[in-house]
Amino acid sequence: MQAHHLIISILLLFVGYTNNDETIKWQETQKLSWEDFKGTPNPDSDAVALTASGITFGYSVKTRGKRIVGYSTTVEAHFYPKKSWYHSEKADAYILAHEQLHFDITELYVRKFRQQLERLVVNQNIKVQMGQIHEAINDALDKTQKMYDEQTNHSIVVEAQAYWQNYIKEELTKLDKYKSQ
């Protein structure tokens, strides 16, 4: 086994993170580079890198009197450069691909979120329903991110890493209709 496969990375998930810090919006044509990781590495961590990503969600409702008659939403996957870091002496392209997949998983759950929001019917409980969907999506995202790291042992299990790369690519393709325009 090559040395770079023994390197651990971790993910920091920002659920509903609303700080005005610099962000990078997920784009199919733009992959992360090590230059995007601008945070200070944790010297006490066994991890080579940390990816901070999360879902940002906003909505507005249209009313007539006290009655809700419409709504619009914005849902995006963001990467937080100043919260993400890496140890340059240990980092390589393999680890970067592992970190990119964390961001891709965040995008997958953005698409799932958009899909569920599209199915909502305007009613007086729409705000509560959107909040419930948001919470459920963030919980599912967190579980998937943890499962990804567990099954790949933070990228060490090469076969599992390859499986996840393919799986997430397929899942994103299934939800192409819900990617950001």
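Among contacts in the protein between residues at least 6 apart in sequence, 82% join residues at least 24 apart. The model is a predicted one. Its 181 residues include 46% that count as buried. Three helices and five strands are present, and from the N terminus on the elements follow the order β-β-β-β-β-α-α-α.

Strand pairing centres here on strand 3. Strand 3 and strand 4 are paired in the antiparallel sense, with twelve bridges. Within this pairing, Gly58 has Thr74 in strand 4 as its bridge partner. The two strands make up a hairpin in which two residues lie between them. Gly65, in the turn, has a positive phi of about 65°. Strand 3 is also joined to strand 5 (residues 85-86) by two bridges, and these strands run antiparallel. Opposite Leu50 stands Trp85 in strand 5.

In soluble globular proteins, nonpolar side chains tend to be buried together. In the present model, the largest nonpolar core has 36 residues. The members that touch the most other members are Trp34, Ile55, Ile105, Tyr109, Phe113, Leu117 and Ile168. Two or more residues of this core come from each of strand 3 (47-64), strand 4 (67-79), helix 1 (93-118), helix 2 (126-152) and helix 3 (158-174). The most are given by helix 1, which contributes eleven residues. With neighbours within four places in sequence left aside, the contacts of Tyr109 are Ile55, Ile137, Ala140, Leu141 and Thr144. Another core, of five residues, lies apart from the largest one and has Ala47, Ala52, Tyr80 and Trp85 among its members. Trp85 is thus a member of this five-residue core and stands opposite Leu50 in the pairing of strands 3 and 5.

Val69 lies in strand 4. Val69 is classed as partly exposed because its relative accessible area is 26%, which falls between the limits of 20% and 50%. Not counting residues up to four places away in sequence, Val69 touches Lys62, Thr63, Arg64 and Val122. Val69 and Gln124 are separated by 55 residues in sequence, while the C-alpha to C-alpha distance between them is 8.5 Å.

The search for enclosed space gave one cavity of 30 Å³ or more. The volume of the largest cavity is about 40 Å³. Its lining consists of Ile24, Lys25, Trp26, Gln27, Gln30, Lys31, Leu32, Asp36, Gln100 and Phe103. At least two of these lining residues are supplied by each of strand 2 (24-25) and helix 1. Divided by class, the lining of the largest cavity comprises four nonpolar, three polar and three charged residues.

The largest pocket has a volume of about 290 Å³. Its lining is made up of 16 residues, and those nearest the centre of the pocket are Trp26, Lys31, Asp104, Lys169 and Leu172. Trp26 and Lys31 are also listed in the lining of the largest cavity. Helix 1 and helix 3 each supply at least two residues of the pocket lining. Helix 3 gives the most, with six residues. By class, the lining of the largest pocket contains six nonpolar, four polar and six charged residues.

Conventions
Residues are numbered from 1 along each chain as its sequence is written. This is a predicted model: local features need pLDDT of at least 70, side-chain atom pairs count only at pLDDT 80 or more; totals for chains, interfaces and linings use all residues. Side-chain values use heavy atoms; hydrogens and water are left out. A nonpolar core is a set of buried Ala, Val, Leu, Ile, Met, Phe, Trp, Tyr and Cys residues joined through side-chain atoms within 4.5 Å. Buried means under 20% relative accessible area, exposed over 50%, partly exposed in between (1.4 Å probe, protein chains only). Helices (H or I, at least four residues) and strands (E, at least two) are DSSP runs, numbered from the N terminus. Contact means heavy atoms within 4.5 Å. Two strands pair if DSSP finds at least two bridges between them. On a 1 Å grid over the protein atoms alone, a cavity is a set of points where a 1.4 Å probe fits but cannot get out, and a pocket is an open set with protein on both sides within 12 Å along at least five of seven lines; lining residues have an atom within 4 Å of a point. Grid points are joined across faces, edges and corners, and a volume is the space filled by probe spheres set on the points. Ala, Val, Leu, Ile, Met, Phe, Trp, Tyr, Cys and Pro count as nonpolar, Asp, Glu, Lys and Arg as charged, and the others, Gly among them, as polar.
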